[in-house]
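Here's a walk through one model, taken a piece at a time. Keep the structure open while you read.

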Amino acid sequence: MSKPVRVAILGATGAVGTELLGLLEHREFPVASLKLLASERSVGNSLTFKGESLLVEAVTENSFRGIDLVLASAGGSTSKTWAKNIVESGAVMVDNSSAFRMKSEVPLVIPEINPETTKHHQGIIANPNCTTILMGLAIYPLHQVKPIKRIVVSTYQSASGAGARAMEEVKFQSQAILNGQTPKTKILPYPLAFNLFPHNSPLNSEGYCTEEMKMVNETRKIFNEPDLKITATCIRVPVLRAHSEAVNLEFSTRFSVTEAREIVANSPGLKLVEDWRGNYFPMPIDASGRDEVLVGRIRQDISHPNGLELWLCGDQIRKGAALNAVQIAELLI
Ligand code: A2P
């Protein structure tokens with residue numbers, strides 16, 4: 001892809017879409033032109049890029065003509081609807097949805113881990129699931145030093161993963177509860193304010209939800225470790241925009257905690273946050289709006305000589321979605 005780039009954001013009005021807009025500006029991505037696409041609902045709305053107000057357009061068959069790069073974050077069905085049209089128009093699609101992630105011909109990329117796979121794209125590059133990106137970034141540097149045998153992960157996922165309207169819903173629900181009213185649910189399946197619930201994506205016959213299986217299958221693909229043992233439990237919590245994860249890692253031999261801390265502290269995209277005296281560790285409120293994944297509470301697993309425990313928080317909208325997508329786009333240029 002040659003500079004400067006004619007960019008379209010599909011899903012520009014959403015939680016990730018608006019972040020993409022800010023990141024393109026902030027990271028000085030070489031934008032030749034920018035088209036903001038969303039559903040009919042948003043026609044007439046405008047968003048600001050580099051001080052200029054741009055009108056949001058409804059996506060149509062002609063939207064991708066003369067476009068080099070489409071950053072898509074409008075859900076899987078919208079991505080599936082427009083992918084052929086995008087690729088045939090000659091643009092590269094960096095897709096934030098799960099629609100194409102497990103297709104063998106589609107690179108699934110975390111730029112700090114497998115940037116070289118981007119070269120083999122056939123028009124579509126997939127951005128991994130948010131929880132997968134955050135965990136992968138934190139544990140891959142350890143895996144490179146000593147291979148991980150098994151991962152047990154529990155997630156604490158914010159409302160932002162369900163989109164901008166879910167974030168608004170949690171605020172309304174909180175207000176309703178504080179006013180003694182019954183909270184309403186429209187986007188989220190259950191009240192999330194002052195509550196939590198297991199991720200409500202469809203369940204398989206083994207009792208795992210789709211979100212959990214995304215962590216399993218996508219991590220294996222990104223690490224190029226098809227047999228890596230992973231089990232996940234994904235929970236939605238009443239946090240607005242940063243996800244947290246408790247990760248248990250089993251290695252084939254003992255991994256020193258001191259070495260693990262050093263590796264985390266020196267790996268790109270990570271920040272070691274540990275104040276053992278002050279009992280201060282990563283929190284979603286501190287991870288929100290930041291590029292780095294915060295990692296801490298790295299400790300020996302007392303139940304296994306070759307086990308490590310760690311805790312991480314990362315901005316779901318940023319490194320979990322929009323930032324990773326823009327980093328992929330940067331690899332392309
Ligand atoms: P709109 O705001 O017009 O509904 P989020 O993940 O935060 O919910 O955002 C989803 C994004 O995807 C929004 O920009 C939304 O636009 C867009 N979107 C949803 N459905 C469609 C569709 N059928 N066609 C184009 N854009 C869509």
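Which residues in H3 meet which residues in H8? On the H3 side they are Cys 130, Ile 133, Leu 134 and Leu 137, and on the H8 side Lys 319, Gly 320, Ala 321 and Asn 324. Sorted by class, that contact between H3 and H8 holds five nonpolar residues, two polar ones and one charged one. Bear in mind that this is a predicted model.

**How the two helices cross**

Two packed helices are described by the angle between their axes and the distance between the axes. Here, helix H3 covers residues 130-145 and helix H8 covers residues 318-332; they pack at an angle of about 90°, and their axes are 8 Å apart. Angles of 65 to 115 degrees count as roughly perpendicular, so H3 and H8 are roughly perpendicular to each other.

**The sheet**

Next up is an open sheet of seven strands, with mixed pairing and the order S9-S10-S8-S11-S14-S13-S12. Its edges are strand S9 (197-198) and strand S12 (270-272), each of which pairs on one side only.

Take strand S8 (residues 148-157) and look at its partners. With strand S11 (residues 242-251), S8 pairs in the antiparallel sense, over eight bridges. With S10, S8 pairs in the parallel sense, again over eight bridges. If you want to find the register by eye, here are some residues that sit across from each other:

| Residue | Partner | Partner's strand |
|---|---|---|
| Ser 154 | Ala 246 | S11 |
| Tyr 156 | Ser 244 | S11 |
| Arg 150 | Lys 229 | S10 |

**Helices lying across the strands**

Helix H5 (residues 210-223) lies across S8, strand S10 (229-236) and S11, and runs at about 140° to S10. Elsewhere in the sheet, helix H6 (residues 257-265) lies across S12, strand S13 (293-300) and strand S14 (307-315). The angle of H6 to S13 is about 175°.

**Val 16 and what it touches**

Now for a single residue: is Val 16 buried or exposed? Val 16 belongs to helix H1 (residues 15-26). Its relative accessible area is 10%, and buried means under 20%, so Val 16 counts as buried. What is it in contact with, leaving aside its neighbours within four places in sequence? The list is Ser 73, Asn 96, Ile 317, Ala 321 and Ala 322. You've already met Ala 321, one of the H8 residues that meet H3. Val 16 and Gln 327 are 311 residues apart along the chain, with 14 Å between their C-alpha atoms.

**Two residues with positive phi**

Most residues other than glycine have a negative phi. Phe 194, though, has a phi near 60°, a positive value in a residue other than glycine. You'll find Phe 194 in the loop between helix H4 (164-178) and S9. Is Phe 194 buried or exposed? At 59% relative accessibility, Phe 194 counts as exposed, because the cut-off for exposed is over 50%.

Asn 279 is not a glycine either, yet its phi is positive, at about 55°. Look for Asn 279 in the loop between S12 and helix H7 (284-287). With a relative accessible area of 60%, Asn 279 is exposed.

Terms used
Residues numbered from 1 in each chain as written. Predicted model: local features only at pLDDT ≥ 70, side-chain atom pairs only at ≥ 80, totals over all residues. Heavy atoms only, no water. Axes fitted to C-alpha atoms, helices over the stretch in contact; angles between N-to-C directions. Helix = DSSP H or I, 4+ residues; strand = E, 2+ residues; numbered from the N terminus. Parallel < 35°, antiparallel > 145°, perpendicular 65-115°, else oblique. Contact = heavy atoms within 4.5 Å. Nonpolar A, V, L, I, M, F, W, Y, C, P; charged D, E, K, R; others polar. Pairing = 2+ DSSP bridges. Buried < 20%, exposed > 50% of the residue type's maximum accessible area, 1.4 Å probe, protein only.
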